[in-house]
Amino acid sequence: MTINIRPHTGSKIAVSFSEGFSSEVLNAVRKIPNRQWNNEQKAWLIPDTQSAIDALLNNLYETGLFSPQLPVPTAEKNYITQELEQLKTMLLTKHYSPHTIERYLYWTEQFLKANQNTPVPLGQSHINIFLSDLATKKQVSPSTQNQALAALLFYFRYVKHENPDNMTEVIHAKKKKHVPAVLNKQEVAAVLEYMEGSKRLAAELMYGTGMRLNEVLTLRIIDIDFDRNEITIHNAKGGKDRRVMLPRSLVPKLKQQIQKVKDIHQKDLADGWGNVQLPDNLMNRSEAAAKEFRWQWLFPQKNRWINHTTVQEGRYHLDESLLQKAVKQAVRDAGIIKNASCHTFRHSFATHLLESGYDIRTVQELLGHSDIRTTMVYTHVLNKKEMEVVSPLDML
């Protein structure tokens, strides 16, 4: 298989496959933050940054289908690989989400590579230097730096069996206070009018239930309960499950979507395939379960992926970049100048519930927030006292 990596317009790099692709290669690209699919050029667009390029190459090498042109010394490669394998084992043992495991492995690998020539055992000072460099040299966001810190703390506590706790020397990235963008009800309706098909249904679910982007895309048929009028969200942020209401106005659309998935699944079975990736807790229980209709994605991708090594075919869920692009286009078509995205539907859901008189604890449960202080941000959006002040200019 040949992978073409070339410059693209703006601050992007185009990644395409000349001979099809396997699920391993596809997932290697999917792991890159802020990647987008360009349907016209049939290429993935990733940020033109050193960190994104390094992450892409590392992910591709980890598939075992490619070899780096400049081989890493055996001792160094074995050491880092062994450390990451131990880290992954501990993360899986403690039931961390796949996304968290992916990010923790990434930051720990970057830390180990940054200190690969360090002659002394790694410790507190090395963590401080690494995190400070993220803030001062790479200028990462506060949340990114905190994510890296959490990954390294986990690594040292559960792999190295040490407990670094003195972070006084760390230069933290400056945390900015953001008020979330919120669409009013008329703007939500206008955006949805410019969407169609399964992408519109996914957007309606995000606004109608407060689900995150990845939560709605990873829904399975079994998660929809029409009798109880509820949707179950599994393994959400923090590895938690929760239930949300099923908007009654979406019942006909959801039933149509489920029938569409059933038709696709029956065609896949007739072709000799029909497998789907199962949740981690079911992976080793039953091979037959992977072909059961109830485990199929609610929003499957258009085409089956092909593993050219095993010659197996399967179907993944709709890629998040396609829904993000559809929402952005609908916002532009609706003439809305707010910086709205898929996550704006979640912000709007919470704000509109509070405006309707629902208590903040109910909203907290529906959003899946562990700390009510996270939900409190929406009360600031509701605070209109500043807007009631009459400008001196209007009093002239």
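Which residues does L298 touch, not counting residues up to four places away in sequence? The points below take up this matter and then turn to other parts of the structure, which is a predicted model.

1. **The surroundings of L298.** Leaving aside residues up to four places away in sequence, L298 touches L205, L219, R220, I221, I224, L254, Q257, I258 and V261. L298 is also among the residues with the most contacts inside the largest nonpolar core, together with L205, V216 and L323. L205 therefore appears twice, as a residue touched by L298 and as one of those with the most contacts inside this core.

2. **The largest nonpolar core.** This core has 48 residues. Two or more of its residues come from each of the helices α7 (185-193), α8 (197-209), α9 (213-217), α10 (251-270), α11 (320-333), α12 (342-355) and α13 (360-367), and also from strand β6 (230-233). The element that gives the most is α12, with 6 residues. As a general remark, nonpolar side chains in soluble globular proteins tend to be buried together.

3. **A second core.** Apart from the largest core lies another, of 41 residues. F17, I80, Y104 and F156 are among the members of this other core.

4. **F17 in its setting.** F17 is placed in strand β2 (residues 12-17). Its relative accessibility is 16%, so F17 counts as buried, the limit being under 20%. Beyond residues up to four places away in sequence, F17 touches T2, I3, V25, V29 and W44. F17 and W44 are 27 residues apart in sequence, and their C-alpha atoms are 9.4 Å apart in space.

5. **Helix α1.** Two of the residues touched by F17, V25 and V29, are among the buried residues of α1. The full set of buried residues in this helix is S23, V25, L26, A28, V29 and R30. Because 6 of the 8 residues of α1 are buried, the helix is largely enclosed by the rest of the structure.

6. **Aromatic pairs: Y96 and F154.** The count of aromatic pairs comes to 10. In one of them, Y96 and F154 meet edge-to-face, with 5.2 Å from centre to centre and 70° between the planes. Y96 lies in the loop between α3 (74-93) and α4 (98-114), while F154 lies in helix α6 (residues 142-158), so the pair ties together parts that are 58 residues apart in sequence. Y96 counts as partly exposed, at 30% relative accessibility, whereas F154 is buried, with a relative accessible area of 4%.

7. **Aromatic pairs: F111 and F130.** F111 and F130 form another edge-to-face pair, with 5.5 Å from centre to centre and 85° between the planes. This pair links distant parts of the chain, since F111 is in helix α4 and F130 in helix α5 (residues 124-136), 19 residues apart. Both F111 and F130 are buried.

8. **A ring cluster and charges over rings.** Ring pairs link Y96, Y104, F154 and Y158 into a cluster. Elsewhere, R220 lies over the face of W297, at 4.0 Å from the ring centre. K255 lies over the face of F226, at 5.3 Å from the ring centre.

9. **The second largest pocket.** This pocket holds about 900 Å³ of space. Its lining is made of 29 residues, of which W37, N39, K302, N303 and L322 lie nearest its centre. At least two lining residues are supplied by each of α1 (23-30), α8, α10 and α11. The largest share of the lining, 4 residues, comes from α10.

10. **The cavity.** How many cavities of 30 Å³ or more does a search of the whole structure find? The search finds 1. The largest cavity has a volume of about 50 Å³, and V261, I264, H265, D268, Q296, W297, P300 and R315 line it. Of these lining residues, V261 is touched by L298, and W297 has R220 over its face.

11. **Positive phi values.** Q139 and N235 may be considered together. Phi of Q139 is near 50°, a positive value in a residue other than glycine. Q139 lies in the loop between α5 and α6 and is exposed, with a relative accessible area of 63%. Phi of N235 is likewise near 50°. N235 is placed in the loop between β6 and β7 (242-245) and is partly exposed, with a relative accessible area of 34%.

Note on methods:
Residues are numbered from 1 along each chain as its sequence is written. This is a predicted model: local features need pLDDT of at least 70, side-chain atom pairs count only at pLDDT 80 or more; totals for chains, interfaces and linings use all residues. Side-chain values use heavy atoms; hydrogens and water are left out. Rings of Phe, Tyr and Trp (its six-membered ring) pair if their centres lie within 6.5 Å; planes under 30 degrees apart count as stacked, over 60 as edge-to-face and the rest as tilted. Buried means under 20% relative accessible area, exposed over 50%, partly exposed in between (1.4 Å probe, protein chains only). A charge sits over a ring if NZ of Lys or CZ of Arg is within 6 Å of the ring centre and within 35 degrees of the ring normal. A nonpolar core is a set of buried Ala, Val, Leu, Ile, Met, Phe, Trp, Tyr and Cys residues joined through side-chain atoms within 4.5 Å. Contact means heavy atoms within 4.5 Å. On a 1 Å grid over the protein atoms alone, a cavity is a set of points where a 1.4 Å probe fits but cannot get out, and a pocket is an open set with protein on both sides within 12 Å along at least five of seven lines; lining residues have an atom within 4 Å of a point. Grid points are joined across faces, edges and corners, and a volume is the space filled by probe spheres set on the points.
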